[in-house]
Amino acid sequence: SSNILLHGQPTPIDAKDWPQKFPAKEHCSKCGLCETSFVQYVETSCAFLKEGMSNIDSLEPILHKRSRNLENDYESRFGVLDQDILLVKGTQNGSQWTGAVTSIALAMLESKTVDAAICIASKSDDNTLEPQPIIAKTKQDLLKGRGVKPSLAPSLKVLDEIKQDESIRNLLFCGVGCAVQAFRSELVQKDLGLDNVYVLGTNCADNSPTPQASQDFIQKGLGISEEDYESVKGYEFMQDFKVHVKKETEGSNSYDKIPYFSLPGNIARASIASSCLSCFDYTNSLADIVVGYMGALLADDMDNNYQTLTIRNQKGKEMFDIATKAGKLNVYETATGKGSWKDFAVQTVLADGVIEEMIGKQPKEQGMPPAVGNIVAKLVQYIGPKGLNFAEYSIDYHILRNYLYCLDQWGENGTERKMPQYAQSIVKEYLKDYEGLRTVRDK
Ligand code: SF4
Ligand code: SF4
């Protein structure tokens, strides 16, 4: 990174040189910033350099007018909550879920609150899993962004275009936590010089480094055959402890459901980008409003499931009002949760293929046979945490696993420097109570 700044020339880095030539190297999440002239602000904007994600601590009070309350279990994990988390459904068919993200973005465009929206579309119709950022100005553009892309997506790659386009004064940015952090940094915002900026975030964890890695995960990890691969439209780790693979054949959807416990452990490391192993922003702390799914009770499949909506500040409230008034977002009720989650989170960390590999244990080449995996999934679903508490399980598991990964990469001081306060206090709580975790930490 110092090269870029020393020469004073903001020279965009070519995507083909990822990750070696990118300032955050292998921990770069390919957010797109460095592929534009905004690369000049990388040192103070990147979610992985220097203080990295611990910048969330100082940005929260600026963007949301206060910090999250660490005394509250929900806020310490979900971030600043302007009101209770809601269960909603969008109205956009053809999305991965009910299309809550697309619905809100569409309402923002159609009401002319914004002139354009940055979102992620697919590179082409026949490769729906390959992400590509677009500037959407019409409904038609925006609908190209439907569906979740499971690999790293350079959302910020279009910043120069945004800056040069005089017709864009008010902008909606849709993105994941690491991209939102770079986008919201002071120097990037100043240089863009827009009148109004809105940020619609999604929850995000464990992205694949490349479309090829997600294809490998689908085929080798989930056991989807090469012929069937073409029909895969997305997959998610769901609340019933199964991965749901959504397939579309001749216009109709079907689902394969594979228990977590049946996945081979040795596919984990290659399937997850190093950036995502050093990420502490699952719930997108700096967005005005966030759409997720982990905290919602489970219906049969993704198309019918509620999604969660987290409103963080006045702008988020404004977006919510615009979308509901336009009839694009249906609100059901306040999200709730029950059941303890901490033991499950620790067990998941200790059985994790990434952690096993790190401490020199050979991860399993095969998971449980599907019949057994299904029984275990059912049992765990029955006794395990539900609703928002399931989300807490998942958040804590990722924080703990990523803490251990970061320790391995940067040692104790480096890890503390990069970890936001909320993540540090969650880790402390667990280390106090769970000997198994302390043992892994000390290895
Ligand atoms: Fe640049 Fe973004 Fe990678 Fe950081 S994460 S090095 S800002 S492209
Ligand atoms: Fe970015 Fe974190 Fe999502 Fe990875 S998991 S893409 S680092 S927000």
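**A walk from helix 17 to the ligand shells**

Let us start at helix 17, which covers residues 370-383 and holds Tyr382. The model is a predicted one. Because its relative accessibility is 68%, and exposed means over 50%, Tyr382 counts as exposed. Together with Leu379 and Ile383, Tyr382 makes a nonpolar surface patch of about 390 Å².

From that patch, let us turn to strand 9, residues 289-292. Ile289 and Val291 sit on one side, Val290 and Gly292 on the other, and all of them are buried, so both faces of the strand are covered. In a regular strand, side chains alternate between the two faces of the sheet. Strand 9 also has two strand partners to look at. With strand 5 (residues 196-202) the pairing is parallel and runs over 3 bridges; here Leu200 has Ile289 as its bridge partner. With strand 10 (residues 307-311) the direction is antiparallel, and 4 bridges make the connection. In strand 10, Thr308 is the residue that stands opposite Gly292.

Next come the charged pairs. The whole structure contains 26 salt bridges. One of them links Arg184 and Asp288, with 3.0 Å between the closest N and O atoms. Arg184 belongs to the loop between helix 8 and helix 9 (186-192), while Asp288 belongs to the loop between helix 13 and strand 9, so this pair ties together parts that lie 104 residues apart in sequence. Both Arg184 and Asp288 are buried. A network of salt bridges with shared partners joins Asp14, Lys16, Asp17 and Lys21. Within this group, the side chains of Lys21 and Asp17 meet at 3.9 Å, N to O, and Lys21 is exposed, with a relative accessible area of 55%. Arg68 and Glu60 form another salt bridge, at 2.9 Å from N to O, and these two residues are buried.

Finally, let us visit the ligands. Around ligand 1 we find residues including Phe22, Pro23, Cys28, Cys31, Cys34, Cys46 and Phe48. By class, this shell has 10 nonpolar and 2 polar residues, with no charged ones. The residues around ligand 2 include Phe48 as well, along with Cys178, Cys204, Asp206, Cys276 and Cys279. Two elements, helix 8 (177-183) and helix 13 (274-277), are those that give two or more residues to the shell around ligand 2. That shell divides into 8 nonpolar, 3 polar and 1 charged.

Terms used. Residues numbered from 1 in each chain as written. Chains lettered and ligands numbered in written order. Predicted model: local features only at pLDDT ≥ 70, side-chain atom pairs only at ≥ 80, totals over all residues. Heavy atoms only, no water. Buried < 20%, exposed > 50% of the residue type's maximum accessible area, 1.4 Å probe, protein only. Pairing = 2+ DSSP bridges. Near = heavy atom within 4 Å. Nonpolar A, V, L, I, M, F, W, Y, C, P; charged D, E, K, R; others polar. Patch = residues over 30% accessible without salt bridge, like charges linked within 9 Å, V, L, I, M, F, W, Y side chains within 5 Å. Areas by Shrake-Rupley, 256 points an atom, 1.4 Å probe, with all protein chains shown as cover. Salt bridge = Lys/Arg side-chain N within 4 Å of Asp/Glu carboxyl O.
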